[in-house]
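This report takes up the surroundings of a bound ligand and then turns to the sheets of the protein. The sequence and structure are shown first.

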Amino acid sequence: MNLYGLFEQRFPHAADSSTLFLETAAGRQVSFGELIDTSGRYAAQLIALGVAPGDRVAVQVDKCVESVFLYLACLRAGAVYLPLNSAYRESEIDYFLGDAEPTVFVHASRDAAWIDPICRARGIAHHFTLDTNGDGTWPAACTLAPMQGYVARGDDDLACILYTSGTTGRSKGAMLTHRNLSSNALTLHKVWGFRADDVLLHALPLFHVHGLFVALNTILLNGGKMLFHERFDAAPVMRDLQRATVFMGVPTYYTRLLAEPSFGAAQCAGMRLFVSGSAPLLPETFEAFRERTGHTILERYGMTETGMITSNPLEGERRGGTVGFPLPGVDVRVVDDQLNRVAPNQIGHIQLKGPNVLPGYWRLPEKNAEEFTADGYFKTGDMGMFSEDGYLAIVGRSKDLVISGGYNVYPKEIELLLDSFEGVEESAVIGLPHPDFGEAVAAVVAAKPGARLEESAVIATLKGSLANFKVPKRIFVVKELPRNAMGKVQKNVLRDTYKSTFAA
Ligand code: MLC
Ligand code: AMP
């Protein structure tokens with residue numbers, strides 16, 4: 001069924017529509033009545049604009065209450081919701097709009113000067129603005145009576161497309177169905193033991209899996225309630241943890257909390273669950289958090305294409321350095337290059353099957369063939385091993401990927417751009433240990449003979465065309481890149497040479 005229909009079944013009864021859904025850090029209170037009414041008005045407007053089931057609605061806005069309404073409105077109208085990181089710049093947005101061909105695009109008003117020409121060139125029929133204070137041409141346009149209910153959708157119909165970068169440098173749209181999202185949300189809701197009196201402190205961005213599907217979908221299934229922060233900021237998070245029971249974050253959130261001398265058990269007295277994911281949680285963070293607060297972080301593992309795959313248990317041992325057990329209904333295997341399952345404690349490729357796995361990539365049939373095995377398992381690109389007693393540990397990646405503060409950066413995309421710069425012979429982009437972001441992006445650039453490359457100038461140029469989190473924090477200019485006997489650039493040598501660059 002339509003995912004919204006599933007949420008609606010869990011909303012407080014119509015007579016209780018004044019029940020609180022969320023409260024913002026600034027104290028704004030939003031009831032279920034407002035959620036149902038405003039998402040209904042937004043859905044009516046989408047349909048009036050001609051958005052038909054399956055049409056894409058692209059959204060690049062800062063996190064705000066209205067962006068939650070817009071997500072639900074897309075589900076209600078049967079549209080495909082396409083959230084975009086608010087850090088994406090001109091060339092990135094141009095690519096996404098050209099590839100996804102949305103009927104409607106909603107963006108922040110501050111970006112209108114560069115977005116309007118792209119929309120004209122791409123023939124986007126309708127584009128509107130929406131800002132964090134809830135103003136914009138989108139809310140102003142939604143004057144129709146609210147839609148009642150929702151458009152019927154089947155389990156295999158698309159609900160969302162989320163772009164994920166690739167090892168070739170080109171982003172792919174992961175198509176996610178109503179079944180993918182509902183099955184994963186129902187599973188997480190159950191295995192993490194959500195209770196009627198839970199209060200989720202939500203500080204994650206809303207344009208990626210973690211904030212949107214793991215955090216928001218599970219609390220929607222729970223019938224509220226959320227303390228809704230527009231971004232992660234340690235001080236207000238520490239304040240509101242005292243009124244919350246569940247918190248979800250990337251490892252950087254936990255290291256930033258631990259960096260606050262006043263953070264400790266007192267703020268966490270009412271908490272029942274801390275969840276971490278999207279990037280490896282260092283054993284020292286896991287231990288330091290337990291020592292400081294008395295709480296054991298529950299680490300889980302997931303991907304854009306699959307939602308959540310494994311989780312440490314709610315009851316029983318949460319083992320640091322592992323991502324726990326396969327979720328119910330998800331078949332996870334660790335295999336060698338010939339697809340034979342390997343024994344416990346042996347490293348192999350992590351692959352999975354389940355109702356959570358995407359049906360394929362948007363308009364890229366050849367990628368579907370590459371990313372799935374002949375027997376239908378999705379290849380994660382992560383390397384791991386099971387312990388004797390079934391805990392999965394992620395030990396590396398077969399894909400060339402850097403995860404910085406929970407955001408994925410594919411080196412190829414940046415290398416292609418750097419290689420196009422005048423004076424650059426070739427480049428290698430790597431991830432280096434970073435005390436705040438876990439890994440930080442750095443580039444090693446070989447200059448053409450006689451060329452002079454300035455680090456600050458290269459960074460400034462990159463900032464013009466890439467989201468800030470992808471821009472290397474350091475650029476090292478060298479005469480030539482180290483190569484092995486096969487002529488392949490030795491990134492491991494570079495990672496070793498520069499490993500202390502960001503040491504605390
Ligand atoms: C911001 N910057 C980053 C960055 N975030 N650089 C590298 N990596 C990041 N993650 C840039 C800023 O633009 C700025 O650049 C500079 O770094 C300092 O910014 P800041 O003020 O310290 O950053 P802040 O706004 O506090 O953001 C940091 C953060 C944020 C960790 C709070 O990145 C964040 O919320 N990350 C969560 C990502 C997430 O939700 N991932 C889930 C993906 S889903 P300059 O140049 O202006 O100084 C997924 C699947 C799964 O992976 O399993 O969940
Ligand atoms: P994304 O493509 O943004 O969805 O990122 C998915 C990738 O994040 C996975 O393939 C893993 O490499 C990584 N990831 C997610 N959760 C964890 C975790 N708990 N530990 C280590 N890596 C993780």
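## Surroundings of ligand 2

In this predicted model, 16 residues lie around ligand 2, and those that come nearest are Arg300, Thr304, Asp382, Lys399 and Asn408. By residue class, the shell around ligand 2 consists of 7 nonpolar, 4 polar and 5 charged residues. Strand E13, which spans residues 298-303, and strand E20 each supply at least two residues of this shell, and E13 gives the most, with 5 residues.

## Polar contacts and burial of ligand 2

Three pairs of atoms illustrate how the protein meets the polar atoms of the ligand. A polar side-chain atom of Asp382, which is also among the residues that come nearest to ligand 2, lies 2.6 Å from an oxygen atom of ligand 2. The side chain of Glu299 places an N or O atom 2.9 Å from a nitrogen atom of ligand 2, whereas at Ser278 a polar atom of the backbone is 3.2 Å from a nitrogen atom of the ligand. Ligand 2 would expose 500 Å² if taken alone, and the protein buries 91% of that area.

## The sheet of 4 strands

Strand E20, one of the contributors to the ligand shell, belongs to an open sheet of 4 strands with antiparallel pairing, in the order E16-E17-E19-E20. The edges of this sheet are formed by strand E16 (331-335) and strand E20 (392-397), each of which pairs on one side only. From one strand to the next, the twist averages 45 degrees.

Strand E19, covering residues 378-386, runs antiparallel to E20 and is joined to it by 5 bridges. Within this pairing, Phe386 has Leu392 of E20 as its bridge partner.

## The sheet of 9 strands

Strand E13, which gives the most residues to the shell around ligand 2, is part of an open sheet of 9 strands with mixed pairing, ordered E2-E1-E10-E9-E11-E12-E13-E14-E15. Strand E2 (29-31) and strand E15 (325-326) are the edge strands, and each pairs on one side only.

Elsewhere in this sheet, strand E9 (residues 200-202) and strand E11 (residues 246-249) run parallel and are joined by 2 bridges, with Leu200 standing opposite Val246 in E11. Helix H9, made up of residues 234-241, packs on the sheet and touches E9, strand E10 (226-228), E11 and strand E12 (273-276). The direction of H9 makes about 170 degrees with that of E9.

Notes
Residues numbered from 1 in each chain as written. Chains lettered and ligands numbered in written order. Predicted model: local features only at pLDDT ≥ 70, side-chain atom pairs only at ≥ 80, totals over all residues. Heavy atoms only, no water. Pairing = 2+ DSSP bridges. Contact = heavy atoms within 4.5 Å. Axes fitted to C-alpha atoms, helices over the stretch in contact; angles between N-to-C directions. Near = heavy atom within 4 Å. Polar contact = N/O pair within 3.5 Å; in protein donor to acceptor, adjacent residues only side chain to side chain. Areas by Shrake-Rupley, 256 points an atom, 1.4 Å probe, with all protein chains shown as cover. Nonpolar A, V, L, I, M, F, W, Y, C, P; charged D, E, K, R; others polar.
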